[in-house]
Amino acid sequence: MDSTQNPKFLTSYLFFAFLLASSNLLTFFISTSFNSSCTFNQQTNTPSTVLAKPTPKYEAIQESSDNTQTDENLPSEFLAFTSPQKLPRGFNKNFNSDEIMPPIGRPCTLFRDLLHRYMSYNVNGSCPDDELLAQKLLLKGCEPLPRRRCHPAAPQEYVEPYPFPESQWRTPSDFSVVWTAFTCKNYDCLVNRAKNQRAFDDCKDCFDLNGRERRRWTAKNGAGLDFSIDEVLAVKKAGTIRIGLDIGGGVATFAVRMRERNVTILTTSMNLNGPFNSFIASRGVIPLYVSISQRLPFFDNTLDIVHSMHVLSNWIPETLLHFLLFDIYRVLRPGGLFWLDHFFCVGDQFEKVYAPLIESIGFNKVKWIVGRKLDRGPELNEMYLSALLMKPLKNSW
């Protein structure tokens, strides 16, 4: 009986030993294959869900752990300004850091030739006379422009502005401006360019303070698309409209008219073939040299009124316009007014695109007037919208 069971026992033992060895080998093979596969994927590919995400426009310059690969072609003064700066007293709880990072527009590094020219100067010396170059960089998205350690171009025989309030309606001296960047080389040329110049220029007749500019927003009761300042201010309790912003305000006549009514308005403007910022300052009101792409430099819920005439229109990409309108909503206090003055677009765009876009922001409509824009001919089917909108006083969040 024992002799018959031993072979069976030996056979069973060998079978289980073989099975155990096989399972160990299989485990080892799977483990090795899995680890090598993970290692390969980590080195060569990211998950498909990540690859499907759109690549931002400004990712053209690849980040690198070796800063020399990224920074070797950037101007030394640019790197000196943008590098982290150690705080002299060490860690600061307000910054939650022991260093400060100077702000700079990311697109600056995408235009390295322009950036090299802009940042090439003698430290503690004179800056180049390069207003056109600076504005070109800014309009390409290099905003804010990097700071420089040099003296900006200025008139050699600068003449001080006229005293206030005379300065509001008197053309300043030619010797208050550096004219290099502009076609006109004096104010007489600017004042008369609407009569003498055929080429298009932004705000072509704005510098003529005795022409149409003097009549803007002054009617006791506005007609149709042309609201008057007094009828807009009458919407709110007297004295509650105190501070505000005019976006793309030309030569700041809106700010001047509001100052006559004890309202302080800051005016954003570019220098598009004219010294708009210098002219605004000479009038005794405050210019802001920022583009429409820049986040408005105000805290949330602080301004009483925001105004914009002609600038906010269909030339702005829809998504950018949507962000901009929400930024206006952000800086207005609850109950604040947004005066959208002569927004223009093509007829079919208004109903399909712009009316729904503006209405989506959340303003209450106080006035909403739509009319034809006929200055370039009725065949173009262009439309104007003038609207007075109010941020809800309650539940504006």
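Which residue in strand 4 does Asp-246 stand opposite? I looked this up to get started, and the partner is Thr-267. A reminder to myself: this is a predicted model.

**Entry: strands 3, 4 and 5**

I followed the pairing outward from that spot. Strand 3 covers residues 243-247 and is joined to strand 4 by 4 bridges, the two running parallel. To get from strand 3 to strand 4 the chain passes through helix 10, residues 253-259, in a right-handed β-α-β crossover.

On to strand 5, residues 286-288: 3 bridges tie strand 4 to strand 5, again in parallel. Thr-267 turns up here too, with Pro-287 as its bridge partner in strand 5. The connection runs from strand 4 through helix 11, residues 276-282, to strand 5, and this β-α-β crossover is right-handed.

I then asked myself why strand 4 is largely enclosed by the rest of the structure. Strand 4 spans residues 264-268, and 4 of its 5 residues are buried, so the surrounding structure largely encloses it.

**Entry: the whole sheet**

Next I wanted the strand order. I found an open sheet of 7 strands, ordered 5-4-3-6-7-9-8, with mixed pairing. Strand 5 and strand 8 (364-373) are the edges; each has a single partner strand, so one side of each lacks a neighbour in the sheet. On average, neighbouring strands are turned by 15 degrees against each other, direction ignored.

For an antiparallel example I picked strand 7 and strand 9, which are joined by 8 bridges. Phe-338 has Leu-389 as its bridge partner in strand 9.

Two helices on the sheet went into my notes. Helix 12, residues 318-331, packs on the sheet and touches strand 3, strand 6 and strand 7, with its direction at about 150 degrees to that of strand 7. Helix 13, residues 347-359, also packs on the sheet, but touches strand 7, strand 8 and strand 9; its direction makes about 170 degrees with that of strand 7.

**Entry: the nonpolar cores**

Which residues have the most contacts inside the largest nonpolar core? They are Met-258 and Trp-339, in a core of 35 residues. The elements giving two or more residues to this core are helix 7, helix 9 (229-233), helix 10, helix 11, strand 6 (303-309), strand 7 (332-346) and strand 9 (382-390). Helix 10 gives the most, with 4 residues.

I clicked through the surroundings of Met-258. Setting aside neighbours within four places in sequence, Met-258 is in contact with Ile-229, Leu-233, Ile-241, Val-263, Ile-265 and Ile-305. There is also a second, separate core of 34 residues, which includes Leu-324, Tyr-329, Ala-355 and Ala-387. As background, nonpolar side chains tend to be buried together in soluble globular proteins.

**Entry: disulfides**

How many disulfides does the structure hold? I found 4. With the bonded cysteines numbered in sequence order, they pair as 1-3, 2-4, 5-6, 7-8. I went through three of the links in turn.

- Cys-108 and Cys-142 are joined with an S to S distance of 1.8 Å. The link is right-handed, with 95 degrees about the S-S bond. The pair connects distant parts of the chain, 34 residues apart: Cys-108 lies in the loop between strand 2 (99-100) and helix 5 (112-118), and Cys-142 in the loop between helix 6 (131-139) and helix 7 (187-191). Both cysteines are buried.
- Cys-127 and Cys-150 have their sulfur atoms 2.0 Å apart. The torsion about their S-S bond is about 100 degrees, so this disulfide is right-handed. Cys-127 sits in the loop between helix 5 and helix 6, Cys-150 in the loop between helix 6 and helix 7, 23 residues apart. Cys-127 is buried at 12% relative accessible area, and Cys-150 is buried at 13%.
- Cys-184 and Cys-189 are joined at 2.0 Å, S to S. This link is left-handed, with -60 degrees about the S-S bond. Cys-184 is buried at 2% relative accessible area, whereas Cys-189 is partly exposed at 30%.

**Entry: helix 6**

Last, I checked helix 6. Its buried residues are Leu-133, Ala-134, Gln-135, Leu-137 and Leu-138, and they pack against helix 5. Gly-141 follows helix 6 and has a positive phi, near 105 degrees.

Terms used: Residues are numbered from 1 along each chain as its sequence is written. This is a predicted model: local features need pLDDT of at least 70, side-chain atom pairs count only at pLDDT 80 or more; totals for chains, interfaces and linings use all residues. Side-chain values use heavy atoms; hydrogens and water are left out. Buried means under 20% relative accessible area, exposed over 50%, partly exposed in between (1.4 Å probe, protein chains only). Two strands pair if DSSP finds at least two bridges between them. A crossover is right-handed if, with the strands pointing away from the viewer, the path from the first strand over the helix to the second runs clockwise. A disulfide is a pair of cysteine sulfur atoms within 2.5 Å. A nonpolar core is a set of buried Ala, Val, Leu, Ile, Met, Phe, Trp, Tyr and Cys residues joined through side-chain atoms within 4.5 Å. Contact means heavy atoms within 4.5 Å. Axes are lines fitted to C-alpha atoms, for helices over the stretch in contact, and angles run from 0 to 180 degrees between N-to-C directions.
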